[in-house]
Amino acid sequence: MQKEFAYPHFITGGGRRLGLAVIRSLLAQGERVVMSYRTFTPVIEALMAEGVHCIRADFTQPDTVSKMVNTIVAEYKGLRSIIHNASDWGSETDSEDLNELMARMWQVHVAVPYQLNMSLQSLLLCAAHDLNQATDIIHLTDFVAEKGSDKHIAYAASKAGLANLSLSFARQLAPKVKVNAIAPSLLMFQEGDNKEYQQKALKKSLLCLEPGEQEGVAAVQYLLSSRYMTGRTLALDGGRHLA
């Protein structure tokens, strides 16, 4: 049963993989969810039927992001959390225009999260006041934000920028809003990843396994339930930093 009068969680890029799994877990708890998506799919249609407020926004198009913000501000008095999951796995190898690649990575992973945090923080503060508890911002960063990447340089740099936003907003919004990050390495393989690639990837961590989307869901749930954690990053890397 959905909590009709509860403040909703807002998740960006919630139409697949980890974002979708987080939405499913919140719905199972009766929580309300607002989410952004870039491409309409049968999954989005199914989420709408389950009561999720799905808003189309292409993060590379600033006007669609502004329209999304205006919709949320107009329809909701407060937000229980903002979970920044939207991502673009761009690489130098696949890009002919490196300036465009860097601009796109920075737009999706830094500029839009910054805009959303600034524009929607009043809704987080309102919900914190009414609930008498801290609300949350969670940034989904990446293991490479700390280590760098020779094949995804612009991507890694932008994820590092997103991680830094966690520090600044944690300072600015405390104690009413907790701001943390989650930095996964491998959670689940992409469709089409061959066996050779999978075995090579698994050997990069000490635990040598594909933990699956629920590992990320558990991290999100921990941060939402924590009363005493802000400005920190949860590393989900299976010991890869030691391998």
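**Entry 1: helices H1 and H8**

I began by reminding myself that the axis of a helix is here a line fitted to its C-alpha atoms over the stretch in contact, and that the angle between two axes runs from 0 to 180 degrees between their N-to-C directions. I also noted that the structure I am reading is a predicted model.

With that settled, I looked up helix H1, residues 17-28, and helix H8, residues 213-225, and found that they pack at an angle of about 55°, with their axes 9 Å apart. H1 and H8 are therefore oblique to each other, and their crossing is right-handed. On the H1 side I listed Arg-17, Leu-18, Ala-21, Val-22, Ser-25 and Leu-26 as the residues that make the contact, and on the H8 side Glu-213, Gln-214, Gly-216, Val-217, Val-220, Gln-221 and Leu-224. When I sorted the residues of this contact between H1 and H8 by character, I had seven nonpolar, four polar and two charged.

**Entry 2: helices H3 and H4**

I then turned to H3 and H4, whose axes come within 11 Å and cross at roughly 20°. That angle makes H3 roughly parallel to H4, because angles under 35 degrees count as roughly parallel. The crossing of H3 and H4 is right-handed. From H3 I wrote down Pro-62, Val-65, Ser-66, Met-68, Val-69, Ile-72 and Val-73, which meet Gln-107, Val-112, Gln-115, Leu-116, Ser-119, Leu-120 and Leu-123 of H4. The contact of H3 with H4 holds 10 nonpolar residues, four polar ones and no charged ones.

**Entry 3: backbone angles to look at twice**

Before going on I noted that most residues other than glycine have a negative phi, and that most peptide bonds are trans. I looked for places that depart from this.

Arg-17 has a positive phi of about 50° although it is not a glycine, and I found this residue in helix H1. Arg-17 counts as partly exposed, at 26% relative accessibility. Asn-132, also not a glycine, has a positive phi of about 60°, and it lies in the loop between helix H4, residues 98-131, and strand E5, residues 135-140. Asn-132 counts as exposed, with 71% relative accessibility.

For the peptide bonds, I recorded that the one from Ala-174 to Pro-175 is cis, with omega near 0°. Pro-175 sits in the loop between helix H6, residues 153-173, and strand E6, residues 177-184.

**Entry 4: salt bridges**

How many salt bridges does a search of the whole structure find? I read off six, and I followed some of them up.

One joins the side chains of Lys-77 and Asp-130, at 3.4 Å from N to O. Lys-77 lies in the loop between helix H3, residues 62-75, and strand E4, residues 81-84, while Asp-130 is in helix H4, so the pair ties together parts that are 53 residues apart in sequence. Lys-77 is exposed, with a relative accessible area of 56%, whereas Asp-130 counts as partly exposed at 38%.

Another joins the side chains of Asp-136 and Arg-80, at 2.7 Å from N to O. This pair also links distant parts of the chain, since Asp-136 is in strand E5 and Arg-80 in the loop between H3 and E4, 56 residues apart. I checked burial as well, and both Asp-136 and Arg-80 are buried.

A third that I looked up is between Arg-104 and Glu-100, with the closest N and O atoms 3.0 Å apart. Arg-104 and Glu-100 are four residues apart in helix H4, and are therefore separated by about one helical turn. Glu-100 is partly exposed, with a relative accessible area of 36%. I added that salt bridges sharing partners join Arg-80, Asp-136 and Lys-178 into one network.

**Entry 5: two single residues**

Is His-84, in strand E4, buried or exposed? I found 4% relative accessibility, so His-84 counts as buried. Leaving aside neighbours within four places in sequence, His-84 is in contact with Thr-12, Pro-113, Leu-116, Asn-117, Ile-137, Ile-138, His-139 and Leu-140.

Lastly I looked up Lys-203, which lies in the loop between helix H7, residues 195-202, and H8. Lys-203 counts as exposed, at 63% relative accessibility. Lys-203 and Ala-243 are 40 residues apart in sequence, and their C-alpha atoms are 8.5 Å apart in space.

Technical notes:
Residues are numbered from 1 along each chain as its sequence is written. This is a predicted model: local features need pLDDT of at least 70, side-chain atom pairs count only at pLDDT 80 or more; totals for chains, interfaces and linings use all residues. Side-chain values use heavy atoms; hydrogens and water are left out. Helices (H or I, at least four residues) and strands (E, at least two) are DSSP runs, numbered from the N terminus. Angles under 35 degrees count as roughly parallel, over 145 as roughly antiparallel, 65 to 115 as roughly perpendicular and the rest as oblique. A crossing is left-handed if the near helix is turned anticlockwise from the far one by less than a right angle, and right-handed if clockwise. Contact means heavy atoms within 4.5 Å. Ala, Val, Leu, Ile, Met, Phe, Trp, Tyr, Cys and Pro count as nonpolar, Asp, Glu, Lys and Arg as charged, and the others, Gly among them, as polar. Buried means under 20% relative accessible area, exposed over 50%, partly exposed in between (1.4 Å probe, protein chains only). A salt bridge is a side-chain nitrogen of Lys or Arg within 4 Å of a carboxyl oxygen of Asp or Glu.
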